[in-house]
Number of protein chains: 2
Amino acid sequence: MTHLKNDTFLRALLRQPTEYTPVWMMRQAGRYLPEYNATRKRAGSFLNLCKSPELATEVTLQPLARFPLDAAILFSDILTVPDAMGLGLYFAEGEGPKFERPLREEWEIRDLAVTDPSGNLKYVIDAVSSIRKALDGSVPLIGFSGSPWTLATYMVEGQGGTDFLTIKKMAYARPDLLHHILDVTAQSVILYLNAQIEAGAQAVMIFDSWGGALSHAAYKEFSLRYMQQIVDGLIKEREGRRVPSIVFTKGGGLWLEAMADIGADALGLDWTVDIGEARRRVGDKVALQGNFDPAILLSTPEAIERETAAILASYGNGNGHVFNLGHGITQHTPPENAAAMIEAVHKLSRQYHI
Amino acid sequence: MTHLKNDTFLRALLRQPTEYTPVWMMRQAGRYLPEYNATRKRAGSFLNLCKSPELATEVTLQPLARFPLDAAILFSDILTVPDAMGLGLYFAEGEGPKFERPLREEWEIRDLAVTDPSGNLKYVIDAVSSIRKALDGSVPLIGFSGSPWTLATYMVEGQGGTDFLTIKKMAYARPDLLHHILDVTAQSVILYLNAQIEAGAQAVMIFDSWGGALSHAAYKEFSLRYMQQIVDGLIKEREGRRVPSIVFTKGGGLWLEAMADIGADALGLDWTVDIGEARRRVGDKVALQGNFDPAILLSTPEAIERETAAILASYGNGNGHVFNLGHGITQHTPPENAAAMIEAVHKLSRQYHI
């Protein structure tokens, strides 16, 4: 087993004893950090930054130099897999990610092929190796991917955050086509995450950003089922250590019982769920990660400490909690407010780990 | 008690026996209907349409002429109250509603005053009287308002559907200011809805479109509490008949137990909740309204009938269900697909009302 100076995060994901509640932040390497903006400016664009293993390593480590975080997460984008499939990812200034060639015709869908990560995704795998080396055993490295449903929303709609009318029409009128997209994508994600694990990722997370747009029944059929396929196909142990998996459906608070049954080690929670209630609902099947509303980081250190305390108290005594935001940190966050939250987690959580 | 040819909707809201499950559609007078688009074109703009009692009556009745719906809903906008408060509602082409003068300074918030509906909101009250007369006792008329939290999001952010960072920052850093906005707004909404009831509305609905953006604790403090204040202040009986109230928080499926306790007669559900599970959770405290994903109306009549059947079966035997969409009908809906859903509800629900 390779040595890790701080493996609190990995132990918490496996619901093993820890001395305090570990913490990291979704999108912790991001635009709220001036040093990130400087590197991004040097890179020329967000995509250049993702595609350079050297610069991706640099920005991955920036928040760790500032804050005593308990984990690092690969700097990359959730949409790398469909980009590698040839759909043409691009970022229009001031807008979210888009695809140049969304899937619209039946033949385009039938032609979709599983992507080998050693091809068009080699830059991500190289970044994982490089970051792992740079971390030098300080904290664990998290690899990640978008969920098949979430990737498919972008692949079919061409962009995110819409009413999902095109893909939902497909889901109800031509479920066979959508299942084909989801299956090919799930197979690709398995290869992709396993390549990240082999390159040094010590935990993996699946981001299902848009699963919450589905009905309860459609969520199980079109999103959860394919995350289960991925979890089933993941490498479970590496370097003598379990490689834990985290599944996060934003807006999925109603479906935690079903999510807890797919074999993942932990569930990510957004802030709409009371984490204590979530813990009672999932029992000891999974660890929980979350669930601080990132908007609170725009308020005051006093409010931040109070709301941090409320989440820790709601989770209560014992193991199995990784503190995190309920969604990515916003670009408007003063870094000192993020520092206040992290300090509060470390300070206030010890009482629950005696 | 004034005579109603079809009071199925009102009986269902009070969980009284009905012969079938009544159905209406949120935004049933809308852009998916060519006749609506013709009237809107004549009006010149959406706001002109809202502000003309005559044209509002015309479009309110259009879907009833086409479909055997069990209720009519006042044609208006959820943002009429803050507009009457002087914030300057406008609609930029292709975008959602916005306010010219959002609340940003403390003095602007302190100056906010309760709105008398007989002043700047007279056009809505006149529309209610006019529609009620035109309906001529065929089906009940629903009045409505936005919830205080939802209105406040537009009043503070200046627009909807954002990350709500400005208002959430206020919620955590200056809760006193936000509570003042919410209290003045709630008082205004009570007067507004009661004026609608006195003008002829036979049920009222509170639309909390953005409550689902809050954490569980913040939802109770900043949204639910003020909906309770409104429900407490509503006229309960009129023309010898109970005036039922419906509370709908989009994305509020996690909080149904708390919502069922505020004294409303019914809860609206979006499509993320299984309606049978929702019924088990709220028991016999409230009726339930929902919860068909409007995106399904873009698919095929076969899929529409199948999904309608699934919702009816999930709710199961007995009273207390009003069939509806889980959100407003989309402008891309073929009217014949809406007809297929309505027909399926009426045909397939009789077996559950024996």
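Student: In which helix of chain A is Met85(A) found?

Tutor: This is a predicted model, and the place of a residue in it is read from the computed helices and strands. Helix 5 of chain A covers residues 80–87, and the helix in which Met85(A) is found is helix 5 of chain A.

Student: Does Met85(A) count as buried or exposed, and why?

Tutor: A residue is called buried if 20 or more other C-beta atoms lie within 10 Å of its own. Met85(A) has 24 C-beta neighbours inside 10 Å, and therefore it counts as buried.

Student: Which residues is Met85(A) in contact with, once its neighbours within four places in sequence are left aside?

Tutor: Parts of the chain that are separated in sequence can be compared in space, as with Met85(A) and Leu121(A), which are 36 residues apart along the chain and have C-alpha atoms separated by 9.7 Å. For contacts, with the neighbours within four places in sequence left aside, the residues to name are Leu112(A) and Thr115(A).

Student: How many of the eight residues of helix 5 of chain A are buried?

Tutor: The buried residues of this helix are Thr80(A), Val81(A), Pro82(A), Asp83(A), Ala84(A), Met85(A) and Leu87(A). Helix 5 of chain A is largely enclosed by the rest of the structure, because the number of its eight residues that are buried is seven.

Student: What covers the buried residues of helix 5 of chain A?

Tutor: The cover includes strand 2 (89–91), strand 3 (97–99) and strand 4 (141–146) of chain A. Among the helices of chain A that take part in it are helix 7 (122–135), helix 8 (148–157) and helix 10 (175–199).

Student: Which residue follows helix 5 of chain A, and what is its phi?

Tutor: Helix 5 of chain A takes in residues 80–87, and after it comes Gly88(A). The phi of Gly88(A) is positive, near 80°.

Student: In what order do the seven strands of the open sheet of chain A lie, and which strands stand at its edges?

Tutor: The sheet of chain A is open, its pairing is parallel, and its order is 1-4-5-8-9-10-11. Each edge strand has a single partner strand, so one side of each is left without a neighbour in the sheet; these edge strands of chain A are strand 1 (72–73) and strand 11 (321–325).

Student: Which residue of strand 11 of chain A is the bridge partner of Gly290(A)?

Tutor: Strand 10 (residues 287–292) of chain A runs parallel to strand 11 of chain A, and five bridges join the two. Within strand 11 of chain A, the bridge partner of Gly290(A) is Phe323(A).

Student: What angle does helix 7 of chain A make with strand 4 of chain A?

Tutor: Helix 7 of chain A packs on the sheet, where it touches strand 1 and strand 4 of chain A. The direction of this helix, taken against that of strand 4 of chain A, makes an angle of about 155°.

Student: In chain B, which residue of strand 10 is the bridge partner of Leu267(B)?

Tutor: Chain B has an open sheet of seven strands in the order 1-4-5-8-9-10-11, with parallel pairing. Its strand 9 (residues 266–268) and strand 10 (residues 287–292) pair in the parallel sense over three bridges. In strand 10 of chain B, the bridge partner of Leu267(B) is Leu288(B).

Student: By what turn can chain B be laid on chain A, and what axis does that relation describe?

Tutor: Chain B is laid on chain A with an RMSD of 0.0 Å by a turn of 180°, together with a shift of 0.0 Å along the axis. That relation is the one given by a two-fold axis.

Student: Which C-alpha of chain B is nearest the axis?

Tutor: The distance from the axis to this nearest C-alpha is 3.0 Å. In chain B, the residue to which it belongs is Leu254(B).

Student: Which helix of chain B gives the most to the side that touches chain A?

Tutor: The contact takes 26 residues from chain B and 26 residues from chain A. Helix 9 (165–173) and helix 14 (301–315) of chain B each supply at least two residues of the side of chain B that touches chain A. The helix that gives the most, with five residues, is helix 9 of chain B.

Student: Why can it be said that the copies meet through the same surface?

Tutor: The residues of the side of chain B that touches chain A divide into 12 nonpolar, nine polar and five charged. The copies meet through the same surface because, of the interface residues of chain B, the share that are also interface residues in chain A is 96%.

Student: What ipTM does the predictor give the complex?

Tutor: Chain A averages a pLDDT of 97, and 100% of the residues score at least 70. For the complex, the predictor gives a pTM of 0.96 and an ipTM of 0.95.

Note on methods: Residues are numbered from 1 along each chain as its sequence is written. Chains are lettered from A and ligands numbered from 1 in the order in which they are written. This is a predicted model: local features need pLDDT of at least 70, side-chain atom pairs count only at pLDDT 80 or more; totals for chains, interfaces and linings use all residues. Two strands pair if DSSP finds at least two bridges between them. Helices (H or I, at least four residues) and strands (E, at least two) are DSSP runs, numbered from the N terminus. A residue is buried if 20 or more other C-beta atoms lie within 10 Å of its own, exposed if 12 or fewer, and partly exposed in between; C-beta atoms are placed from the backbone. Two residues are in contact if their C-beta atoms, placed from the backbone, lie within 7 Å. Copies are superposed by least squares on the C-alpha atoms of residues with pLDDT of at least 70 in both. Ala, Val, Leu, Ile, Met, Phe, Trp, Tyr, Cys and Pro count as nonpolar, Asp, Glu, Lys and Arg as charged, and the others, Gly among them, as polar. Axes are lines fitted to C-alpha atoms, for helices over the stretch in contact, and angles run from 0 to 180 degrees between N-to-C directions. pLDDT is the predictor's confidence in each residue, from 0 to 100.
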